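Please read the following account alongside the sequence and the coordinates, moving from one charged pair outwards to the cores, the surface and the backbone.

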Amino acid sequence: MSIGLSFAIGALLYLFIRVLLTGFYVVNQNERAVKTAFGRAKRLSDAGDGVAGALREDEKERYNFPQLQVIPPGGPYFKWPWEKVHKVSVATNTSNMAYDPESPEANKCNTVLEAVTKDQLNIQLSGQIRYRVSERNIYAYLFGVKQPIAHVMGYFVSVLRERIANFEGTRRDTDSQEVMEGADSISINDLRKNLRDLNDHMDAECAVSEARYGVVLEASLITGIDPPLEVESALAAINTAHNQVSSDISLAKAAADQKIVQSKRAVEIETLKAESETEGLNLLAKELSALKRHGGVAALAAYIRNAKLALLDQTKSVYETKREPIQTGFVIPQAGGECNG
C-alpha cells in the first residue's frame, strides 16, 4: 500500500470520527444552547426585544445586545467541525448575597456582607438571592461580559450598601396622619422593621441586570441584620426603653379614648332624657289646646280640677293659707237685701 493511499484512508477515518461521531450533541431540559460558526453566533436581529426598558437613555445604546438563535432542549443536533456549541443552564440558582466569585476570602469567606448605616454604624447583613440566565438576552451572558455573575453580585452589593447608607426611619403621627422622616429613629431598628420594603427596593433596582448582564435577579431575601458586638447590649437597652415608652403612650391613649367614649355616651343619655321630657310636655300642651278649643274654658277648668284631685291622692300633707278679702269699696249684696251706696 502506498503512502498516499494510507494518508487518504487516515484522513477519511479522521473526518469520519471528527464529523460523524463528535458532530452530534443534545441539549438537556434545563439547558439552552447557542451555536457559533468561526466565532460568530447566528443572529435573529441586531436589536433587543424589550429587555432594555429598565435602562436609562444613556445606557440603552451601550447595552443594546443582538438577539441570537437559541437551540431549545432536545436532540440529537448536528454541528460541523468549524462550529462550536455554547451551553448554559437556565435553572434558577440560589446564592449567598455575600458571595464573591473572584475572591473566596472576601466578606468573611463569603458568609456575611458588611455595610454602614446613616448613623455610622457598621452592620452585618445575611441573606440570599435567586437568579437565572435570561433566554432573551443570552448574548450578554455568553459574550457581553467575561464573568456575568461577578458583575451582577457587584452591582447588587453596591445598590444595597447605597440604600442602607441613605436609609431613614419613618414614624407616622397618629394625630395628623403625616409621615415624618428621621424622627425618633434608630437606623438599624428601622432597617429590621422595613426588611420587606428593603427587599422590594432591591428587586426594583436590580431589574436592569437582565439587560446589562443577561442574568435575571428573581428575588432578594435579606434575612438578618446584626449590629457590632460592642453596641449590641446598648442597642438592646435602647430598644427596651423605647418599647416601654411606646407601651405607656399606648395605654394613656387608650385610657383617654375610653373616657372620651364614656363622656360622649353620658351626654347622649342625658340628651335623650331631656328630649323625652320635652316631648311629653309638648304633647300635653297640644292636648290642652285641643281641649280648650273644643270644650271651652269650662272643660279646661274641669280637666285641671281632675288633675289636682289625682295629685291630692298622692300627697301626704296639705297646707292651706288664709287670705284676707280685698277691700274694693263695694258691699256685696246679700240675698233679698238692698244695695247701699
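Is Glu-135 buried, partly exposed or exposed? With a relative accessible area of 38%, Glu-135 is partly exposed, where buried means under 20% relative accessible area, exposed means over 50%, and partly exposed lies in between (1.4 Å probe, protein chains only). This is a predicted model, in which local features need pLDDT of at least 70 and side-chain atom pairs count only at pLDDT 80 or more, while totals for chains, interfaces and linings use all residues. Residues are numbered from 1 along each chain as its sequence is written, and side-chain values use heavy atoms, with hydrogens and water left out.

Glu-135 forms a salt bridge with Arg-32, and the closest N and O atoms of the pair are 3.2 Å apart; a salt bridge here is a side-chain nitrogen of Lys or Arg within 4 Å of a carboxyl oxygen of Asp or Glu. Because Glu-135 lies in the loop between E10 and H4 whereas Arg-32 belongs to strand E2 (residues 31-37), the pair ties together parts that are 103 residues apart in sequence. Helices (H or I, at least four residues) and strands (E, at least two) are DSSP runs, numbered from the N terminus. The C-alpha atoms of Glu-135 and Arg-32 are separated by 7.8 Å, and Arg-32 is buried, with a relative accessible area of 15%. When residues up to four places away in sequence are not counted, Glu-135 touches Arg-32, Val-70 and Val-90, contact being taken as heavy atoms within 4.5 Å.

Strand E2 also takes part in a second pair, in which the side chains of Lys-35 and Glu-83 meet in a salt bridge at 3.7 Å, N to O. This pair links distant parts of the chain, with Lys-35 in strand E2 and Glu-83 in strand E7 (residues 83-89), 48 residues apart. Glu-83 is buried, with a relative accessible area of 16%, whereas Lys-35 is partly exposed at 27%. A further acidic residue, Glu-31, is likewise found in strand E2. Glu-31 is buried yet has no salt bridge, and the nearest side chain of opposite charge, that of Lys-87, is 4.5 Å away; for this purpose Lys and Arg count as positive and Asp and Glu as negative, while His and the chain ends are not counted. Leaving aside neighbours within four places in sequence, Glu-31 is in contact with Pro-73, Lys-87, Val-88, Ser-89 and Val-90. Over the whole structure, a search finds six salt bridges.

From the charged pairs we turn to the nonpolar interior. In soluble globular proteins, nonpolar side chains tend to be buried together. A nonpolar core is a set of buried Ala, Val, Leu, Ile, Met, Phe, Trp, Tyr and Cys residues joined through side-chain atoms within 4.5 Å. The largest nonpolar core has 45 residues, and those with the most contacts inside it are Ile-123, Leu-125, Phe-156, Leu-160 and Ile-225. Among the elements that give two or more residues to this core are strand E10 (122-133), helix H5 (148-165), helix H6 (187-193) and strand E13 (215-226), and H5 gives the most, with nine residues. Leaving aside its neighbours within four places in sequence, Ile-225 is in contact with Ile-123, Gln-124, Leu-125, Ile-188, Leu-191, Arg-192 and Leu-195. Apart from this core lies another, of five residues, among them Tyr-25, Val-27, Ala-33 and Ile-71.

On the surface, Leu-13, Phe-16, Ile-17, Leu-20, Leu-21 and Phe-24 make a nonpolar patch of about 580 Å². Such patches are made of residues with over 30% relative accessible area and no salt bridge, like charges being joined within 9 Å and nonpolar side chains (Val, Leu, Ile, Met, Phe, Trp, Tyr) within 5 Å; the accessible areas come from the Shrake-Rupley method with a 1.4 Å probe, and for residues only the protein chains shown count as cover. Helix H1 (residues 3-21) gives the most to the patch, with five residues.

Helix H3 (residues 106-110) contains Lys-108, which has a positive phi of about 55° although it is not a glycine. The side chain of Lys-108 meets that of Glu-114 in a salt bridge at 3.8 Å, N to O. Asn-110 is also found in helix H3, and it too has a positive phi, of about 60°, without being a glycine.

For the chain as a whole, there are nine helices and 13 strands, and 27% of the 341 residues count as buried.
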